[in-house]
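Me: Could you take a close look at one part of this model for me, and then show me how its surroundings are put together? I'd like to follow along with the structure open beside me.

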Amino acid sequence: MDEPGSESGKRSDRRGAARGTRAGSWSPQEGGASSHLAARLAPRSPGSFAAAAMGYPDNLLATSDGLPTALLHAIRARLGDRARPGEPLARYTSFRIGGPADLLVLPDTADELAHVLASAAACGTRVTLLGGGSNVLVGDGGMRGVVVKLGRGFARIDWDLIPIRAGAAVQLGRLARAAVARGLAGLEYAEGIPGTVGGALFMNAGAYGGELAPAVESVEGLGRDGRAFALPGRELVFGYRHSALPPGFVVTAVRLRLRRDESGQVRNRMDEARTRRTAAQPHGGANAGSIFKNPNGDHAGRLIEIAGLKGTRAGRARISERHANFIVNEGGARAADVKALMDVAQRVVWERSGVWLEPEVQLVGSW
């Protein structure tokens, strides 16, 4: 999260000849249709740039020729109506943005998940884990292959185990509140952070000086072929908004070391984090949390603000006036609108401050 007091990590602070130059005659007040903003940034509009060079995932522009019929039949035979071809993904993301999945599946058990993974592997079909959808921007063209969203069976917390065991689909904020109610310290900063435990592990979620990594004892999950295995937390090589999970590994549960503390002090720390978050973040509009990672020794929101970009619009998307590192869906925004604003923020901050902002939100799917 990009808020005062949040962790800064390894960032690339690139400076060069562009420093000190502004974006020509462009101004935030010109913001309107996303095509207007994208035209200022040619050739970096979606579909015309090299994803890796921009700091986006390699699969940003991924496409597929469709889903094998045999795979669809095999998964539907096992999951029934929890296997949904052509399912729109906007309803499953906090941004309320995203085109359809070739196939969305909602397994409730490890056996069902293993069946999905093994079936997809046998057909050579890509599998993508959606998680809680809180730190992701799904392209308007949707997502190819099989998209997995873990069901209720993965949303259990075993408090009697030491360390405790939280399913990957448990909401991180719910876990933090329940821990505080039991006088357990280590997650106070996480109350109010959207998303699931699995997603928090993948991104090493944190704020106000805290992050998930120190609490992780081990991780349970399935490999891309559906076989179960566990990983010690020390092997994940956590970094700023990053963990080194094996390729294709699907997290099913996380074992967390939490410590006993005086319940009043634990609750006070959580209340303080909630108050700071409420004061700093936008309310009343769908968003995906922080859009960019914090550069070393600075905050992405501050850099976007001093670049004069608060309130800039593209289509139905807007850079928040309350916190410049948030982009808000005003209702009916497209992924292309958000992407256009990200391009603007990167370009203008680079020209104003000599810092290249790297995305924290994950861009996935077809554009």
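Reply:
**Helix 4 and what surrounds it**

Happily! Helix 4, residues 172-181, is mostly covered, with 7 of its 10 residues buried. One thing to keep in mind as you look around is that this is a predicted model. The buried residues of helix 4 are Leu 172, Gly 173, Leu 175, Ala 176, Ala 178, Ala 179 and Val 180. Just after the helix comes Gly 183, which has a positive phi near 70°.

What lies over those buried residues? The cover includes strand 6, strand 7 (164-167), strand 8 (184-185), strand 13, helix 5 (197-203) and helix 6 (263-280). Let's follow some of these strands outwards.

Strands 6, 7 and 13 also belong to an open sheet of 5 strands, whose order is 6-7-13-11-12 and whose pairing is antiparallel. Strand 6 (157-158) and strand 12 (228-232) are at its edges; each has a single partner strand, so one side of each has no neighbour in the sheet. As general background, the strands of a sheet pair through backbone hydrogen bonds, in either a parallel or an antiparallel way.

At the strand 12 end of this sheet, strand 11 (residues 216-222) pairs with strand 12 over 5 bridges, in the antiparallel sense. If you want one pair to find on screen, take Leu 222, whose bridge partner in strand 12 is Ala 228. Helix 3 (residues 110-123) packs on this sheet and touches strand 11 and strand 13 (250-256). Its direction makes an angle of about 60° with that of strand 11.

Helix 3 has a helical companion too. Helix 2 (residues 69-79) packs against helix 3 with the axes 10 Å apart and an angle of about 175°. The two helices are therefore roughly antiparallel to each other. On the helix 2 side, the residues that meet helix 3 are Leu 71, Ala 74, Ile 75, Arg 78 and Leu 79. Their counterparts in helix 3 are Asp 111, Glu 112, His 115, Val 116, Ser 119, Ala 120 and Cys 123.

Now for the charged pairs. Side chains of opposite charge can pair when their charged atoms come close, and the structure holds 21 salt bridges. One of them joins the side chains of Arg 227 and Asp 225, at 2.6 Å from N to O. Arg 227 counts as exposed, at 61% relative accessibility, while Asp 225 is partly exposed at 33%.

Another salt bridge links Glu 360 to Arg 241, with 3.8 Å from N to O. Glu 360 sits in the loop between helix 8 (335-353) and strand 18 (362-364), and Arg 241 in the loop between strand 12 and strand 13, so this pair ties together parts 119 residues apart in sequence. Are these two residues buried or exposed? Both Glu 360 and Arg 241 are buried.

A third salt bridge to look up is that of Asp 337 with Arg 334, whose closest N and O atoms are 3.2 Å apart. Here Asp 337 is buried, at 3% relative accessibility, whereas Arg 334 is partly exposed, with a relative accessible area of 40%. There is also a network: Arg 177, Glu 191, Asp 271 and Arg 274 are joined by salt bridges that share partners.

Helix 8 leads us to one more sheet. Strands 15, 16 and 17 make up an open sheet in the order 15-16-17, again with antiparallel pairing. Strand 15 (313-314) and strand 17 (327-329) are the edges, each with a single partner strand, so one side of each is left without a neighbour in the sheet. Strand 16 (residues 317-319) and strand 17 run antiparallel and are joined by 3 bridges. In one of these pairings, Arg 318 has Val 328 of strand 17 as its bridge partner. Helix 8 lies across strand 15, strand 16 and strand 17, and runs at about 25° to strand 16.

Stepping back to the whole protein, its secondary structure comes to 8 helices and 18 strands. Of its 367 residues, 54% count as buried. Among the contacts with a separation of 6 or more, 70% come from residues 24 or more positions apart. The accessible surface is about 15,400 Å², and 49% of that belongs to carbon and sulfur atoms.

How values were computed:
Residues are numbered from 1 along each chain as its sequence is written. This is a predicted model: local features need pLDDT of at least 70, side-chain atom pairs count only at pLDDT 80 or more; totals for chains, interfaces and linings use all residues. Side-chain values use heavy atoms; hydrogens and water are left out. Two strands pair if DSSP finds at least two bridges between them. Helices (H or I, at least four residues) and strands (E, at least two) are DSSP runs, numbered from the N terminus. Contact means heavy atoms within 4.5 Å. Axes are lines fitted to C-alpha atoms, for helices over the stretch in contact, and angles run from 0 to 180 degrees between N-to-C directions. A salt bridge is a side-chain nitrogen of Lys or Arg within 4 Å of a carboxyl oxygen of Asp or Glu. Buried means under 20% relative accessible area, exposed over 50%, partly exposed in between (1.4 Å probe, protein chains only). Accessible areas come from the Shrake-Rupley method with a 1.4 Å probe; for residues, only the protein chains shown count as cover. Angles under 35 degrees count as roughly parallel, over 145 as roughly antiparallel, 65 to 115 as roughly perpendicular and the rest as oblique.
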